[in-house]
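Please look through the sequence and the 3D structure shown here. The paragraphs after it go from one pair of residues to the whole chain and then to single sites.

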Amino acid sequence: CVLEKLNKNWDILAVWYYSADIVNHLYGRSPSKIQKTYRTFDRFIHEYKRYLSKPTAIVVLSDHGGKEGVHTPYGFISTNINEIELPTKITEIRGWLEKILTL
């Protein structure tokens, strides 16, 4: 497993899956294929969580959305940190991530 080769002592885990964009472009009119891909990503995140040695902030985000294979201006952000307000603009992400690291 590639995870076994990584340091386990993380403060934050932020993951970008480029393949999500490709799947939306190729299969944008097939919601079941997109959902299958997202379920795979969800399993990856659960695997990361099991591997980590301490509580870690996990961030899942996108810079845009997709509908029927075309980009939309609606991104997505989610985290397991409840005590922080989510950013509303892509330009706020860096400062938001820095805040998470100081919690």
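Serine 62 stands opposite phenylalanine 76 in β5. Strands such as β5 are DSSP runs of E with at least two residues, while helices are runs of H or I with at least four residues, and both are numbered from the N terminus. The model is predicted, so local features need pLDDT of at least 70 and side-chain atom pairs count only at pLDDT 80 or more, whereas totals for chains, interfaces and linings use all residues. Residues are numbered from 1 along each chain as its sequence is written, and side-chain values use heavy atoms, with hydrogens and water left out.

The pair just named belongs to the pairing of β2 with β5, which is antiparallel and has 4 bridges. Two strands are said to pair if DSSP finds at least two bridges between them. On the other side of the pairing scheme, β1 is joined to β2 (residues 57-62) by 4 bridges, and these two strands run parallel. Within this parallel pair, leucine 13 has isoleucine 58 in β2 as its bridge partner, and valine 15 stands opposite valine 60 in β2. In a regular strand the side chains alternate between the two faces of the sheet.

Put together, the 3 strands make an open sheet with mixed pairing, in the order β1-β2-β5. Which strands stand at the edges? They are β1 (12-15) and β5 (76-79); each has a single partner strand, so one side of each is left without a neighbour in the sheet. From one strand to the next, the twist averages 15 degrees. Helix α3 (residues 93-102) packs on this sheet and touches β1, β2 and β5, and its direction makes about 170 degrees with that of β2. Touching, or contact, means heavy atoms within 4.5 Å. Axes are lines fitted to C-alpha atoms, for helices over the stretch in contact, and angles run from 0 to 180 degrees between N-to-C directions.

Leucine 97 is a residue of helix α3. Leaving aside neighbours within four places in sequence, leucine 97 is in contact with Ile12 and Val59. Its relative accessibility is 23%, so leucine 97 counts as partly exposed. The scale is as follows: buried means under 20% relative accessible area, exposed means over 50%, and partly exposed is in between (1.4 Å probe, protein chains only).

Now consider the whole protein chain. Its secondary structure comes to 3 helices and 5 strands, and from the N terminus on the elements run β-α-α-β-β-β-β-α. The C-alpha atoms fill a box of roughly 40 × 35 × 20 Å, taken along the principal axes. Of the 103 residues in the chain, 31% are buried.

The next topic is a pair of helices. Two packed helices are described by the angle between their axes and the distance between the axes. For helix α1 (residues 18-27) and α2, the axes come within 9 Å and cross at roughly 170 degrees. That makes α1 roughly antiparallel to α2; the cut-offs are under 35 degrees for roughly parallel, over 145 for roughly antiparallel and 65 to 115 for roughly perpendicular, with the rest oblique. On the α1 side, the residues that meet α2 are Ser19, Ala20, Val23, Asn24 and Tyr27, and their counterparts in α2 are Lys33, Ile34, Thr37, Tyr38 and Phe41.

Between α2 (31-51) and β2 there is a loop, and threonine 56 has its place there. Is threonine 56 buried or exposed? Threonine 56 is buried, with a relative accessible area of 8%. Not counting residues up to four places away in sequence, threonine 56 touches Trp10, Asp11, Ile12, Leu13 and Asn80.

Two further sites remain. Glutamate 68 lies in the loop between β3 (65-67) and β4 (70-72). Most residues other than glycine have a negative phi. Glutamate 68 is not a glycine, yet has a positive phi of about 55 degrees.

Histidine 71 lies in strand β4 and counts as partly exposed, at 43% relative accessibility. The C-alpha atoms of histidine 71 and histidine 25 are separated by 8.4 Å, although these residues are 46 residues apart along the chain. The side chain of histidine 71 makes a polar contact with the side chain of histidine 25 (3.0 Å), and another with the side chain of aspartate 21 (3.0 Å). A polar contact is a pair of N or O atoms within 3.5 Å; within protein, one must be able to donate a hydrogen and the other to accept it, and residues adjacent in sequence count only if both atoms are side-chain atoms.
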